[in-house]
Amino acid sequence: MSFETVLLDKFSDVFAATTELSSVALGGRVVAVSDEFFAEAFHLLLVEPAPSMKGQFGPNGALYSGWESRRHNPTYDWCIIQLGAPGTVVGFDIDTSNFNGNEAPEVSVQVMYTAGGDPQPNDSRWCEVLPRSPLGPNSRHLFSIPGTETVNYVKLNMYPDGGIARFRVYGQVIPVWPTDLKSFDLAHVFAGGRVDFVSDQHFGVGSNLILPGRGKDMGDGWETKRSRAKGHRDWVIIKLGTPGNLEQVEIDTAHFKGNFPESCELHALFSDHDINWKAQNDNELDWTLILPRTKLGPHRQHYFQLENVEGMTFTHVRVTIYPDGGIKRVRLIGQRADMPTASIEPTAVPVNVPMTVPSTAPITPRTAPSQGSIIPVLPLTPEAFLPFGQVIQAYGDHNAVPKGTKITPANGGTASKFHKLSLLASSYPSGAGATTGISVYRCQPLTGITADGTVELTTLERHPFTNQAFIPMGRGCEEELSDTADKYLVVVAKNGEDDRPDLKTTRAFIATTAQGVVYNTAVWHQPMTVLGKNLDLACIETQIGDGSSSDCEILDLESGIRLQIQ
């Protein structure tokens, strides 16, 4: 098989739109190794670049972040790696950083697909894709190959022995999609999502955004350098694994506590062909705003319902952050726009036998399946709820508290006080006789949830002259307390031009009993609705108390809106 060496400054031109299939972050693992006397082979697959360990020694000698075997091998050493996901391989980064005088002089690479368990080093099915090639000391070596069929194992051979710091296998994941109408993360790397373009990735690469899990530190997220220009923004363009009908997004800032973006916004478009983002001015394309600029917070998962997505099919999403900072993961939840008749999963085939993969033929955008007006119920977070009110909660990690919150030690150092998370407010006419007090609501659990996990939204109310806080108190004293913590629904909408709820702005959240909510004055909201068993909530409000609409205005709906609870 032919191959080409790639200059380091051409890395992004060749590998920018690929996935590092071998990475431990994707689930890559070392299956077997011939020798790892000086340094263990698992280092090959680590996300971070190899650090220098000069001057550090262990019982067997100098320490290295990489794979190093004994001297004087009469043949060659080898390492078998299972990729994190089956895929088509297009190239390698073989890095000898910090190995100088003990680097592997030459390497070759073989690949295989098998569903029959881990292969042996002498298996006849191994297919060479990179012939024996020279390496140099303390440097990265990039190789591109024409592209394999589907593989899930790679064998790295070094001649005759020595050390390699990192081994990165680049290619495209063979996606696996659900066969039913269930929603899933269309951008996930295992679904075939990929990061096509990044404005800046100084501290962390954009492709990390679609990896599994929440990572382990800031190093496996996307982080840009600090900006100094007024009005700066950074962005990343994600290609979905399949054209889809988007519903919601999760923006995770895990571990980004002092360097999370101030805010973000999302746009989406449909394209039936790949786009050269370096040559294309993406602002000239037909982008649809699906999430207006929205504040973000530190070190947490944010959940937002998307806008302008009903009846629309998209292939790409642009995530813009203001002005800069770091994000750990982006999850774009939706449904496939082209449902298959069967799931597409790899089968046991030799590497030199073509394999059926999802069609890359263009599709025409189509209207999403008719579902009626269904509002997803998302976990309650301060940022998503901000247009409607405040979330009242404590934080175990003080660095995850919304910016500007005052925190002081209390109770002799045994407690932390989070000051004035919300202020009481009222604007009753002078002489109305309104007073502020605390009431208790005992709420019975919601009924009427249908088999598809939805329930109809029938009523909204608002309090024209006061904000209103609800703080969970737990079960009543006569209730059984052995069950798990209850949750409750928070459904809100903005006021429309006709002085009635603007139902297009309806948002629904699920809150735990560790969270309270404060509805802003005159915000439309569903009466308190709990799940599970009875739940008591303390209500703090200013009211006249005569039962008039000045205290509470109730509106019965005939909207057909349903809440997707399960």
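**Charges, rings and two annotated spans**

The charged end of Arg293 sits over the ring of Tyr322, at 3.9 Å from the ring's centre, in what is a predicted model. Another such arrangement is found where the charged end of Arg132 sits over the ring of Tyr159, 4.1 Å from its centre.

An unreviewed UniProt entry carries the annotation "domain: Allantoicase", which covers residues 27-173 and 192-336. In residues 27-173 the end C-alpha atoms lie 13 Å apart, and the span is 48% strand and 0% helix. In residues 192-336 the end C-alpha atoms lie 12 Å apart, with 45% of the span in strand and 0% in helix.

Rings also pair with one another, and the structure holds 16 aromatic pairs. One of them joins Phe11 and Phe15, whose ring centres are 5.4 Å apart and whose planes meet at 55 degrees, a tilted arrangement. Both residues belong to helix H1, which runs over residues 11-15, and they are four residues apart, about one turn of the helix. Phe15 has a relative accessible area of 2% and is therefore buried, whereas Phe11, with a relative accessible area of 22%, is partly exposed, because buried means under 20%.

The rings of Phe385 and Phe388 have centres 6.3 Å apart and planes at 40 degrees, so this pair too is tilted, since planes count as stacked under 30 degrees and as edge-to-face over 60. Phe385 and Phe388 are both buried. Beyond this pair, ring pairs link Phe385 and Phe388 with Tyr441, Phe470, Phe509 and Tyr519 into a cluster.

How values were computed
Residues numbered from 1 in each chain as written. Predicted model: local features only at pLDDT ≥ 70, side-chain atom pairs only at ≥ 80, totals over all residues. Heavy atoms only, no water. UniProt positions renumbered as here; feature names shortened; annotations may be inferred. Helix = DSSP H or I, 4+ residues; strand = E, 2+ residues; numbered from the N terminus. Phe/Tyr/Trp six-rings, centres within 6.5 Å; stacked < 30°, edge-to-face > 60°. Buried < 20%, exposed > 50% of the residue type's maximum accessible area, 1.4 Å probe, protein only. Lys NZ or Arg CZ within 6 Å of the ring centre and 35° of its normal.
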